[in-house]
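Work through the exercises below with the coordinates open beside you, and try each task before reading its solution.

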Amino acid sequence: MANRVTIQDIADELGLSRNTVSKAINNTGVLADATRQKVLAKAIEMGYKQFTYMDISSLEPERHSGEGGEIALLTASFLDHSHFASSMLDRFQSEISQLGYSMSIHNVCAADLQERKLPASFHEDTTVGIVCVEVFDPDYCRMLSGLGLPLLFIDAPVMTDGEQLNADILLMDNTAGILSFIKEMKRRNRLRIGFIGDVMHCTSFFERYMAFRNGMFYNQLPIDEAFCLTDNSDRLGFGHNRDYILYRLNKMKTLPDVFICANDFVAVDLLQVLESVHVSVPERIQVLGFDDSPESRIVTPKLSTIHIHSQVVGFSAVQLLVSRIREPELDYRRVYVETNLILRASTGDPAET
């Protein structure tokens, strides 16, 4: 006999919380219609209880008359399966295709960035909207925002002058998990905490760094600037970020108790450097990453990190871009998607269940 489908099964499939799915199925609480429709459609698809008899056609996403066209994805980086955006874009493409849109992918090369021109493969006359992933050059993003096309940045450049781009911006919550982590480290008497990551790389890195500084302030912990490795290692002439980290560690008179890293890849570099100099993790130094990449679960020790709900990011991206296409005069929006702290062996915790 097949296993009974549960609310948690539906939540896991959609990348939503159990509470959200319960609200949709039981018609309780406040919930966006689009979210409720997605939950009920998935419940029908999975054969959940009484919903098996419902007509799924009544729950299909709303399509406007004449809707469709090409959405262009621009990226200046290779988005492999380790990048959180990989699974997010799978969901994004699936959702927009149901609304009649197609998606084309265009790589923004170094020459395009320098000359501030669109990729040769990009066709403005057939494009109805643009979504940018890993496009963080401020001048290039200014050029894109002046095209007059509906534009969505998933993460964004750091605009040091406070300038607002003519675009919607979708971010993960870069603050709550780090604040919770610092509070927990204080409870464990791990008081000397540092940060590693190029704070000017993108908005998310900058916000994670500011969350670190705010968390230290809220918990009345001093910040040792020697523990803050926030430079761009390429511009300093280092061949690899690991070389920069090793250089900075060697200059420290003492090591911190904990390092918070801007993402999991920085954290993995740190783990490799610490191993090379025979500094034990988590006994001597504990490490936190960000993104919950596949590498975080296979590296030794398994990496404590902050989980991004990639599927929810994909849903949110569709809602933001399509609503901008439908209503170009909307105020520009900055939207955050929930993240969750996950503690593993790199902070001396057992693997999560």
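The exercises that follow treat helix packing, a pocket, a buried arginine and some backbone details of a predicted model.

**Exercise 1.** Describe how helix α7 packs on helix α8, giving the angle and the residues that meet.

Solution. Two packed helices are described by the angle between their axes and the distance between the axes. Begin with α7, residues 176-187, and α8, residues 203-218, whose axes lie 9 Å apart at an angle of about 35°. The handedness comes next, and this crossing is right-handed. On the α7 side the contact is made by I178, L179 and I182, which meet R208, A211, F212, N214, G215, M216 and Y218 of α8. Sorted by class, the residues in this contact are seven nonpolar, two polar and one charged.

**Exercise 2.** Carry out the analysis for α1 and α3, and then place the buried residues of α2.

Solution. Helix α1 (residues 7-14) packs with helix α3 (residues 33-46) at an angle of about 115°, the axes being 10 Å apart, and the crossing is right-handed. From α1, the residues D9, I10, E13 and L14 meet K38, V39, K42, A43 and M46 in α3. The class count for this contact is five nonpolar, no polar and four charged residues. Turning to α2, which spans residues 18-26, the buried residues are T20, V21, S22, A24 and I25, and they pack against both α1 and α3.

**Exercise 3.** Characterise the largest pocket by its volume, its lining and the elements that give residues to the lining.

Solution. Rolling a probe the size of a water molecule over the atoms shows where empty space is left. The largest pocket found has a volume of about 1,200 Å³. It is lined by 46 residues, of which E134, F136, H201, F205 and N263 are the closest to its centre. Two or more lining residues come from each of α5 (110-115), α8, α9 (241-251) and α10 (264-276). By class, the lining holds 22 nonpolar, 13 polar and eleven charged residues.

**Exercise 4.** Is R324 buried or exposed, and which residues does it touch?

Solution. First locate R324, which is found in helix α12, residues 310-326. Its relative accessible area is 4%; because the cut-off for buried is under 20%, R324 counts as buried. Leaving aside residues up to four places away in sequence, R324 touches P150, L151, D168, E329, L330, D331, Y332 and R333. One of these partners, D168, is 156 residues apart from R324 along the chain, yet their C-alpha atoms are separated by 8.3 Å.

**Exercise 5.** Locate the cis peptide bonds that precede P282 and P301, and place R116 and D155, two residues with positive phi.

Solution. Most residues other than glycine have a negative phi, and most peptide bonds are trans. The bond from V281 to P282 is cis, with omega near 10°, and P282 lies in the loop between α10 and β9 (286-288). The bond from T300 to P301 is likewise cis, with omega near -5°, and P301 is in the loop between α11 (294-298) and β10 (305-308). R116, although not a glycine, has a positive phi of about 55°; R116 belongs to the loop between α5 and β3 (127-133) and is partly exposed, at 46% relative accessibility. D155 has a phi near 70° and sits in the loop between β4 (151-154) and β5 (168-172), where D155 is buried with a relative accessible area of 8%.

How values were computed
Residues are numbered from 1 along each chain as its sequence is written. This is a predicted model: local features need pLDDT of at least 70, side-chain atom pairs count only at pLDDT 80 or more; totals for chains, interfaces and linings use all residues. Side-chain values use heavy atoms; hydrogens and water are left out. Axes are lines fitted to C-alpha atoms, for helices over the stretch in contact, and angles run from 0 to 180 degrees between N-to-C directions. Helices (H or I, at least four residues) and strands (E, at least two) are DSSP runs, numbered from the N terminus. A crossing is left-handed if the near helix is turned anticlockwise from the far one by less than a right angle, and right-handed if clockwise. Contact means heavy atoms within 4.5 Å. Ala, Val, Leu, Ile, Met, Phe, Trp, Tyr, Cys and Pro count as nonpolar, Asp, Glu, Lys and Arg as charged, and the others, Gly among them, as polar. On a 1 Å grid over the protein atoms alone, a cavity is a set of points where a 1.4 Å probe fits but cannot get out, and a pocket is an open set with protein on both sides within 12 Å along at least five of seven lines; lining residues have an atom within 4 Å of a point. Grid points are joined across faces, edges and corners, and a volume is the space filled by probe spheres set on the points. Buried means under 20% relative accessible area, exposed over 50%, partly exposed in between (1.4 Å probe, protein chains only).
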